[in-house]
Amino acid sequence: MTRPTAQRKSPARPGSFSSAARVLLLACGIQAAPALAADGDGWQLSLRSSHHSDASALARSSDLHGRDLAPRSGRNLAYIDDEARLTRDSGAWHWSLLARSRATLVASHDALDLYRHLDSGSALTGARDWATRARLRGFSGNGLAVGRGHEMGGGWAASWELQSLVLSRWRERRVDGAVSADAVSGRYAFALHSSQADNRLAFPFQTASASSGSALLAGAKLTWQGGPWHVDAALHDAGWLRWRGQPRQDAVLDSATAAVDADGFLIYRPLIQGQNRQDTRLRAAPWWTTLDARGRIGAGTLRIGADVLPGFGALPWLGWQQDFGSAEGALLWRAHERRLTLQWRWRGLALSAGTDGRGGGARSRELALAWRLPI
């Protein structure tokens with residue numbers, strides 16, 4: 001049942017826009033390059049973590065300030081994708097216990113540049129316009145998965161997996177609009193719309209909501225192999241997320257304001273109109289796809305592929321895989337993330353590690369481990 005509160009109009013506290021704008025900079029995963037899994041029946045433990053941020057160092061994501069930002073031109077991407085999984089393989093079937101956390105943030109350069117300008121208190125020069133757009137989507141949960149592979153003949157094969165998760169977190173945030181400023185008059189004009197759904201959101205007159213949500217997610221992969229070539233096309237996280245009584249908030253900031261304080265920070269008195277509500281929320285999950293083509297060349301394999309995110313586009317990668325007797329190694333270069341990943345498989349153990357080479361200032365990093373348990 002929807003429970004709207006009365007519409008409110010109130011002046012915001014000076015500097016509160018800077019706090020609200022932090023939603024634009026959450027260093028939120030694309031699935032890490034998968035560890036080279038072992039074959040055969042038995043138990044397998046796998047852990048993976050993949051974090052990336054176009055605009056800032058990962059080490060600063062929990063305490064991010066405007067001065068820490070260096071956004072790329074065009075759209076900027078940040079993501080987190082973490083998973084722990086215990087799997088039982090039995091013939092063509094597999095069953096898994098898993099815990100996972102996934103979030104993506106896509107923001108325009110102007111959205112991040114606006115936050116950098118307001119939060120750092122930098123001086124305004126000339127006239128400026130910012131076309132602001134940002135979208136954050138993420139969830140965390142744990143549950144069960146079941147899947148199966150199918151041989152179809154003629155070089156074709158297919159596989160699928162269903163995940164049933166109990167959600168501990170589900171959040172979405174969208175910010176759209178325009179901001180302009182003029183140094184001569186010292187005036188700023190905001191026309192922004194914010195829409196947010198978060199199970200941890202709190203507001204006056206809020207009623208009890210469910211302590212957890214649920215998700216039913218599906219994945220599928222179609223494979224073709226002919227001669228030295230092997231091509232995969234995969235769909236991930238297609239399905240639905242549901243949360244009973246999830247808090248939601250919509251707000252519009254529409255103002256014209258003037259002046260900065262002695263420290264150079266903006267003083268504003270905007271008009272904010274908003275609405276809070278709670279309802280049972282059912283939404284399609286933030287699905288994505290993968291394309292992977294491999295060609296055998298001598299003792300090695302050339303790999304070309306891409307992850308494709310709705311709302312952002314393709315994240316291409318290029319790799320080389322080499323056999324070393326009982327072991328197998330691979331190098332993978334992710335172009336957008338500028339991340340080089342080394343993969344190594346030996347008997348029942350597979351390792352994967354990658355970084356963009358910035359050391360403590362790394363903006364992209366991944367780790368993965370798969371181990372076939374001796375039981």
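## Around Ala178, and on to the salt bridges

Setting aside neighbours within four places in sequence, Ala178 touches Trp130, Ala189, Phe190, Ala191 and Leu192. Bear in mind that this is a predicted model. Ala178 itself belongs to strand β6, which covers residues 156-182. Take Trp130 from that contact list: 48 residues separate Trp130 and Ala178 in sequence, yet their C-alpha atoms are 5.7 Å apart in space. Is Ala178 buried, partly exposed or exposed? Its relative accessibility is 41%, so Ala178 counts as partly exposed.

Now for the chain as a whole. Its secondary structure adds up to two helices and 17 strands. There are 375 residues, and 46% of them count as buried. The surface left open comes to about 18,100 Å², with carbon and sulfur atoms supplying 59% of that.

One of the helices is α2, running over residues 109-120. With 12 residues, α2 reaches 16 Å from its first C-alpha to its last, close to the 16 Å you'd expect at 1.5 Å a residue. Which residues of α2 are buried? They are Ala111, Leu112, Asp113, Leu114, Tyr115, His117, Leu118 and Asp119. Right after α2 comes Gly121, which takes a positive phi of about 70 degrees.

On to the charged side chains. The chain has 24 salt bridges, and here are three of them, with their N to O distances.

| Arg | Asp | N to O distance |
|---|---|---|
| Arg48 | Asp81 | 3.1 Å |
| Arg72 | Asp54 | 3.4 Å |
| Arg334 | Asp307 | 2.8 Å |

Start with Arg48 and Asp81, whose side chains meet in a salt bridge at 3.1 Å. This pair links distant parts of the chain, 33 residues apart: Arg48 sits in strand β2 (residues 42-53) and Asp81 in strand β3 (residues 75-90). Why does Arg48 count as buried? Because its relative accessibility is 15%, and the cut-off for buried is under 20%. Asp81 is buried too, with a relative accessible area of 1%.

Next up is the salt bridge between Arg72 and Asp54, at 3.4 Å. Both residues lie in the loop between β2 and β3, so the pair ties together parts that are 18 residues apart in sequence. Arg72 and Asp54 are both buried.

The third pair in the table is Arg334 with Asp307, at 2.8 Å from N to O. Here, too, distant parts of the chain get linked: Arg334 is in strand β14 (residues 327-334), Asp307 is in strand β12 (residues 300-309), and the two positions lie 27 residues apart in numbering. How accessible is Arg334? Its relative accessibility is 3%, so Arg334 counts as buried. Asp307 also comes in at 3% relative accessibility, so Asp307 counts as buried.

Some salt bridges share partners, and in that way Arg48, Asp81, Glu83, Arg85, Arg100, Arg102, Glu161 and Asp237 are joined into one network.

Finally, there's a nonpolar patch on the surface. What makes up this patch? Met152, Trp156, Leu222, Trp224, Trp229 and Val231 form it, and together they have about 580 Å² of accessible area. Two elements give two or more residues to the patch: β8 (213-226) and β9 (229-258). Met152, meanwhile, has its place in strand β5, which covers residues 127-153.

Methods
Residues numbered from 1 in each chain as written. Predicted model: local features only at pLDDT ≥ 70, side-chain atom pairs only at ≥ 80, totals over all residues. Heavy atoms only, no water. Helix = DSSP H or I, 4+ residues; strand = E, 2+ residues; numbered from the N terminus. Buried < 20%, exposed > 50% of the residue type's maximum accessible area, 1.4 Å probe, protein only. Areas by Shrake-Rupley, 256 points an atom, 1.4 Å probe, with all protein chains shown as cover. Contact = heavy atoms within 4.5 Å. Expected span 1.5 Å × (residues − 1). Salt bridge = Lys/Arg side-chain N within 4 Å of Asp/Glu carboxyl O. Patch = residues over 30% accessible without salt bridge, like charges linked within 9 Å, V, L, I, M, F, W, Y side chains within 5 Å.
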